[in-house]
Amino acid sequence: MQPSYEYVKSTKELKERQDWPHYFMNLARLAAERSTCDRANVGAIIVNKENRIVATGYNGSVGRKTPHCSEVGHAMREGHCIATQHAELNCISYCAKEGIPVRDCTIYVTHFPCLNCTKAIIQSGITKIYYKVGYRMDDFALHLLDINGILYEQVLAGEEGLESE
């Protein structure tokens, strides 16, 4: 039996596609737009080995009933807003709550993780971090990542993400 279709090659010039790191970093940047703590608009995306999104997160208040910084202001202690749940922890916490495994996943985050988020990433089983901004890179966080074999890489190219710098 003959198929009822035929393949027709497009005459349009092939466009170059974004690589995975830039694609997911752009999604993390989009997630950061939901941030409710304006001290740093941070977004994160956890992706599995098949390049499927497992979770998204952004920095904002903890729980459904806690007011956001954008509503009541920042709860400051020693120069830090203590009300904000970081984007990485929002992703990891959601996965824990829903029973979604993150072992061997990759996290894309707009800002390099703080020390506490780094610890959570290591404990969760995430094996690679892509980040855009090297914001307050803690030397002990780097040490922990290195001794635990967690890879980390900065994504430097612009939003179009067609090449790495």
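Val133 is found in strand S8 of this predicted model, where a relative accessibility of 37% makes this residue count as partly exposed. Its C-alpha atom is separated by 29 Å from that of Glu98, a residue 35 positions away along the chain. The protein chain around Val133 has five helices and nine strands, and the points below take up its overall layout, two of its helices, its aromatic pairs and its two largest pockets in turn.

**Overall layout**

- Read along the sequence, the helices and strands of the protein chain follow the pattern α-β-β-β-α-β-β-β-α-β-α-β-α-β.
- Taken along the principal axes, the box filled by the C-alpha atoms of the protein chain is roughly 70 × 40 × 35 Å.
- Of the 165 residues in the protein chain, buried residues make up 38%.

**Helices H3 and H5**

- Helix H3 has 12 residues and reaches 17 Å from its first C-alpha to its last, which is close to the 16 Å expected at 1.5 Å a residue.
- Within H3, the residues Ala87, Glu88, Cys91, Ile92 and Cys95 are buried; seen down the axis of H3, its buried residues fall within an arc of 140°, so they line one face of the helix.
- Ala96 and Lys97, by contrast, are exposed on the other side of H3.
- An α-helix has 3.6 residues a turn, so residues three or four places apart point the same way.
- In helix H5, which covers residues 139-147, the buried residues are Ala141, Leu144 and Leu145; seen down the axis of H5, these buried residues fall within an arc of 100°, so they too line one face of their helix.
- The exposed residues Asp139 and Ile147 are carried on the face of H5 that is turned away from its buried side.

**Aromatic pairs and a cluster**

- The count of aromatic pairs in the model comes to eight.
- In one of these pairs, the rings of Phe112 and Tyr131 have their centres 5.0 Å apart and their planes at 90°, so the pair is edge-to-face.
- Phe112 lies in the loop between strand S7 (106-111) and H4, while Tyr131 lies in strand S8 (residues 128-133), so this pair ties together parts that are 19 residues apart in sequence.
- Both Phe112 and Tyr131 are buried.
- The ring of Phe112 also pairs with that of Tyr152, with the centres 6.1 Å apart and the planes at 80°, so this pair is edge-to-face as well.
- Because Phe112 lies in the loop between S7 and H4 and Tyr152 in strand S9 (residues 151-154), the pair ties together parts that are 40 residues apart in sequence.
- The two partners of this second pair fall into separate exposure classes: Phe112 is buried, with a relative accessible area of 3%, whereas Tyr152, at 29% relative accessibility, counts as partly exposed.
- Elsewhere in the sequence, Trp20, Tyr23, Phe24, Tyr108 and Tyr130 form one aromatic cluster.

**The largest pocket**

- The largest pocket has a volume of about 690 Å³ and is lined by 25 residues, of which His80, His86, Cys114, Tyr135 and Arg136 lie nearest its centre.
- The elements that give two or more residues to this lining are strand S5 (80-81), strand S6 (84-85), helix H3 (87-98) and helix H4 (115-124).
- Sorted by class, the residues lining the largest pocket divide into 13 nonpolar, eight polar and four charged.

**The second largest pocket**

- About 510 Å³ of space lies in the second largest pocket, which is lined by 15 residues, with Ser61, Gly63, Asn90, Tyr94 and Lys97 lying nearest its centre.
- Two or more residues of this lining come from each of strand S2 (53-58), strand S3 (60-61) and H3, and H3 gives the most, with four residues.
- By class, the lining of the second largest pocket has three nonpolar, 10 polar and two charged residues.
- Helix H3 is thus listed among the elements that give two or more residues to the lining of the largest pocket and also among those that do so for the second largest pocket.

Notes: Residues numbered from 1 in each chain as written. Predicted model: local features only at pLDDT ≥ 70, side-chain atom pairs only at ≥ 80, totals over all residues. Heavy atoms only, no water. 1 Å grid on protein atoms, 1.4 Å probe; cavity = no way out; pocket = protein on both sides within 12 Å on 5 of 7 lines; lining within 4 Å. Points joined across faces, edges and corners; volume = space filled by probe spheres on them. Nonpolar A, V, L, I, M, F, W, Y, C, P; charged D, E, K, R; others polar. Phe/Tyr/Trp six-rings, centres within 6.5 Å; stacked < 30°, edge-to-face > 60°. Buried < 20%, exposed > 50% of the residue type's maximum accessible area, 1.4 Å probe, protein only. Expected span 1.5 Å × (residues − 1). Arc of directions from axis to C-beta.
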